[in-house]
Amino acid sequence: MIEFGETAKVKLSGAKKEGFTTTAKVDTGAARTAIDYNLAATVGVGPVISTVKVTQTSGTDRRPVAKMGLKYQDFEEEIEVGLADRKKNDLEYKMIIGKDILRREDVIINLS
């Protein structure tokens, strides 16, 4: 089993860096895992493979989607992530873990 709390210290892999560690916010309301553009560039996430429509309180937006490696506990896979300007919105975490990972059968969410 893979247990997530409010945050998770994850290792990211891309074309530029392997095993780059960052703290991601666990977001049970987010449909997709997302990463800040600047962090994605640092790790070498990509190439962009598609776009996805994102609906927020501020409106609807289209965001690029790219692949990267993610490791957390026993979870180690290449995943698709949405790219977003998380700094512009003054968000504390440069990455969020969304339902695309949290809904897996081997995942437990413990927010206590």
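The legends below describe close-up views of a predicted model. Local features are reported where pLDDT is at least 70 and side-chain atom pairs where pLDDT is 80 or more, whereas totals for chains, interfaces and linings use all residues. Residues are numbered from 1 along each chain as its sequence is written, and side-chain values use heavy atoms, with hydrogens and water left out.

**View A. The hairpin of strand 2 and strand 3.** Strand 2 (7–13) and strand 3 (20–26) are joined in the antiparallel sense by six bridges, strands being DSSP runs of E with at least two residues, helices runs of H or I with at least four, both numbered from the N terminus, and two strands counting as paired if DSSP finds at least two bridges between them. Thr7 stands opposite Lys25 in strand 3. Along strand 2 the side chains alternate, with Ala8, Val10 and Leu12 buried on one face and Thr7, Lys9, Lys11 and Ser13 pointing to the other face and not buried; here buried means under 20% relative accessible area, exposed over 50%, and partly exposed in between, with a 1.4 Å probe and protein chains only. Six residues lie between the two strands of the hairpin, and Gly19 in the turn has a positive phi of about 70°. Gly19 counts as partly exposed because its relative accessibility is 35%. Beyond residues up to four places away in sequence, Gly19 touches Lys11, Leu12 and Ser13, contact meaning heavy atoms within 4.5 Å.

**View B. Strand 6 with its partners strand 2 and strand 7.** Strand 6 (59–72) and strand 7 (75–84) run antiparallel and are joined by eight bridges, one bridge partner pair being Gly69 and Glu78 of strand 7. Strand 6 is also joined to strand 2, again antiparallel, by three bridges, and Lys11 has Lys71 in strand 6 as its bridge partner. A further pairing involves strand 7, which runs parallel to strand 4 (residues 34–36) with three bridges between them, and in this pairing Ile35 stands opposite Leu83.

**View C. Two backbone details in loops.** Most residues other than glycine have a negative phi, and most peptide bonds are trans. Gln73, in the loop between strand 6 and strand 7, has a positive phi near 50° although the residue is not glycine. The hairpin formed by these strands has two residues between them, and Gln73 is classed as partly exposed because its relative accessibility is 39%. In the loop between helix 1 and strand 5, Gly46 and Pro47 are joined by a cis peptide bond with omega of about 5°.

**View D. The largest nonpolar core, with Phe4 and Leu70 among its members.** The core has 25 residues, of which Phe4, Val10, Leu12, Met68, Leu70 and Ile97 touch the most other members; a nonpolar core is a set of buried Ala, Val, Leu, Ile, Met, Phe, Trp, Tyr and Cys residues joined through side-chain atoms within 4.5 Å. Elements that each supply at least two residues of this core include strand 1 (2–4), strand 8 (95–97), helix 1 (37–43) and helix 2 (99–102). Phe4, in strand 1, counts as buried because its relative accessible area is 2%. Leaving aside neighbours within four places in sequence, the contacts of Phe4 include Val26, Tyr72, Ile97, Ile101 and Leu102. Under the same exclusion, the residues touched by Leu70 include Val10, Leu12, Phe75, Ile79, Met95, Ile97 and Ile101.

**View E. The largest pocket and its lining.** The pocket has a volume of about 600 Å³ and is lined by 28 residues, of which Ala34, Val54, Gln56, Arg63 and Ile96 lie nearest its centre. On a 1 Å grid over the protein atoms alone, a pocket is an open set of points where a 1.4 Å probe fits, with protein on both sides within 12 Å along at least five of seven lines, and lining residues have an atom within 4 Å of a point. Grid points are joined across faces, edges and corners, and the volume is the space filled by probe spheres set on the points. Strand 5 (48–56), strand 6 and strand 7 each supply at least two lining residues, and the largest share, five residues, comes from strand 5. By class, the lining has 11 nonpolar, seven polar and 10 charged residues, where Ala, Val, Leu, Ile, Met, Phe, Trp, Tyr, Cys and Pro count as nonpolar, Asp, Glu, Lys and Arg as charged, and the others, Gly among them, as polar.
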